[in-house]
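Here is a small set of exercises to work through at your own pace. Have your viewer ready, try each task first, and then compare notes with the solution.

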Amino acid sequence: MASQVTGNETDQVLVQERPAPPATKEELLYNACSLAGKTLGQVAHQLGISIPENLQHKKGWQGQLIEKALGGINSTFAGPDFPELGIELKTIPLDHRGLPKESTYICAIELSDIYGQLWETSLVYNKLKQVLWVPVESEQSIPVAKRHIGMPLLWSPNLKQEQLLKTDWEEHMEKISLGRIADITAHMGNILQVRPKAASGKIRRKGSNEEGETKDTLPRGFYLRPSFTSEILTQHFIHPA
DNA sequence: CCGTGATCATCT
DNA sequence: AGATGATCACGG
């Protein structure tokens, strides 16, 4: 990986290595643990990345920062961030109580060639079967640079969780395969919801149902509800009430 | 344009 | 306050 020189050279030239992709999950987890307790500002500075005042126009900034810090692939690849390890990286914004502030985006929903898809080979399952959660302090009152990174959690769904995910996914996919994606709202799904995922509400994309018909629809994505990600985190991190 | 990284802005 | 629907930036 390329190294780079940070801006200030008054004391010495600070050369920071862009971490190479980790070879093992132990290495990835170790690296993620070493970020815990640091601020986003510290990590950004080490990587020579400028820090935005707010995330209004930089919505994916934290996620991309942590991804770079851990040597994840930087692309539009529709699969886990660490393909060799089969691990997906997700930063998760926490409020002052330590609870998730937002839903968690999983992936775009295919609108073609969906007939006969199985849960076991779905993109949702492939992304969620092993996730490295990296909590980030995300109260808006805290300047972006001062927000702390928390202890990471390498998680895989347990049987109950996987069953819930599968059930939701199958219900959503059945509607979609019948050409009824427009009928799906974010109210549906116990833990996995379907919400718009586009640059704007005006975007339209061709889809097709099992009869080969096409229609224009607003692109959608799968998201995990905050109540579910909260459950994931609290399984492992006990915090006082 | 599309999929990734997500959070924003508004309504209930 | 919490959730839903809408939106922003970037790389390919």
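**Exercise 1. The chain as a whole**

What percentage of the contacts in chain A with a separation of 6 or more comes from residues 24 or more positions apart?

*Solution.* Start with the ground rules: this is a predicted model, where local features need pLDDT of at least 70, side-chain atom pairs count only at pLDDT 80 or more, and totals for chains, interfaces and linings use all residues. Residues are numbered from 1 along each chain as its sequence is written, chains are lettered from A and ligands numbered from 1 in the order in which they are written, and side-chain values use heavy atoms, with hydrogens and water left out.

Step 1. Count contacts, meaning heavy atoms within 4.5 Å. Residues 24 or more positions apart account for 64% of those in chain A with a separation of 6 or more.

Step 2. Assign helices (DSSP runs of H or I, at least four residues) and strands (runs of E, at least two), numbered from the N terminus. Chain A has six helices and 10 strands.

Step 3. Sort residues by relative accessible area: buried is under 20%, exposed over 50%, and partly exposed in between, using a 1.4 Å probe and protein chains only. Of the 241 residues in chain A, 40% are buried.

**Exercise 2. DNA strand B**

Describe the protein surface around DNA strand B.

*Solution.* Step 1. Collect the residues near the strand, that is, with a heavy atom within 4 Å of it. There are 27 of them, and D81, T91, K197, R205 and Y223 are the closest. On the DNA side, sugar and phosphate supply 62% of the strand B atoms that come within 4 Å of the protein.

Step 2. Look for polar contacts, which are pairs of N or O atoms within 3.5 Å; within protein, one must be able to donate a hydrogen and the other to accept it, and residues adjacent in sequence count only if both atoms are side-chain atoms. Three side chains to list, each paired with a phosphate oxygen of DNA strand B:

- D81, through a polar side-chain atom, at 2.7 Å
- E88, through a side-chain N or O atom, at 3.2 Å
- Q62, through a side-chain N or O atom, at 3.3 Å

Step 3. Map the surface onto elements: α3 (61–69), β3 (88–94) and β4 (104–108) are those that give two or more residues.

Step 4. Classify the residues. Ala, Val, Leu, Ile, Met, Phe, Trp, Tyr, Cys and Pro count as nonpolar, Asp, Glu, Lys and Arg as charged, and the others, Gly among them, as polar. The surface near strand B has seven nonpolar, 10 polar and 10 charged residues.

**Exercise 3. A closer look at α3**

Which residues of α3 are buried, and which elements do they pack against?

*Solution.* Step 1. The buried residues in α3 are W61, Q62, L65, I66, E67 and A69.

Step 2. Their packing partners are α1 (25–35), α2 (40–47), β3 and β5 (131–137).

Step 3. Check what comes after the helix: G71 follows α3 and has a positive phi, near 75 degrees.

Step 4. Follow G71 to P22, which sits in the loop between β2 (15–17) and α1. Leaving aside neighbours within four places in sequence, P22 is in contact with E27, L28, L70, G71, F82 and L85. P22 counts as buried because its relative accessibility is 8%.

**Exercise 4. An unusual phi**

Is D113 buried or exposed?

*Solution.* Step 1. Locate D113 in the loop between β4 and α4 (123–128).

Step 2. D113 is exposed, because its relative accessible area is 71%.

Step 3. Read the backbone: phi of D113 is positive, about 55 degrees, although D113 is not a glycine. Most residues other than glycine have a negative phi.

**Exercise 5. DNA strand C**

Repeat the analysis for the other strand.

*Solution.* Step 1. DNA strand C is surrounded by 20 residues, with H57, K59, R195, A198 and G201 the closest. Sugar and phosphate make up 60% of the strand C atoms that come within 4 Å of the protein.

Step 2. A backbone N or O atom of G201 lies 2.5 Å from a phosphate oxygen of strand C, and one of A186 lies 2.8 Å from a phosphate oxygen of that strand. R225 uses a side-chain N or O atom, at 3.1 Å from a phosphate oxygen of strand C.

Step 3. β7 (192–196) gives the most to this surface, with three residues. By class, the surface has six nonpolar, eight polar and six charged residues.
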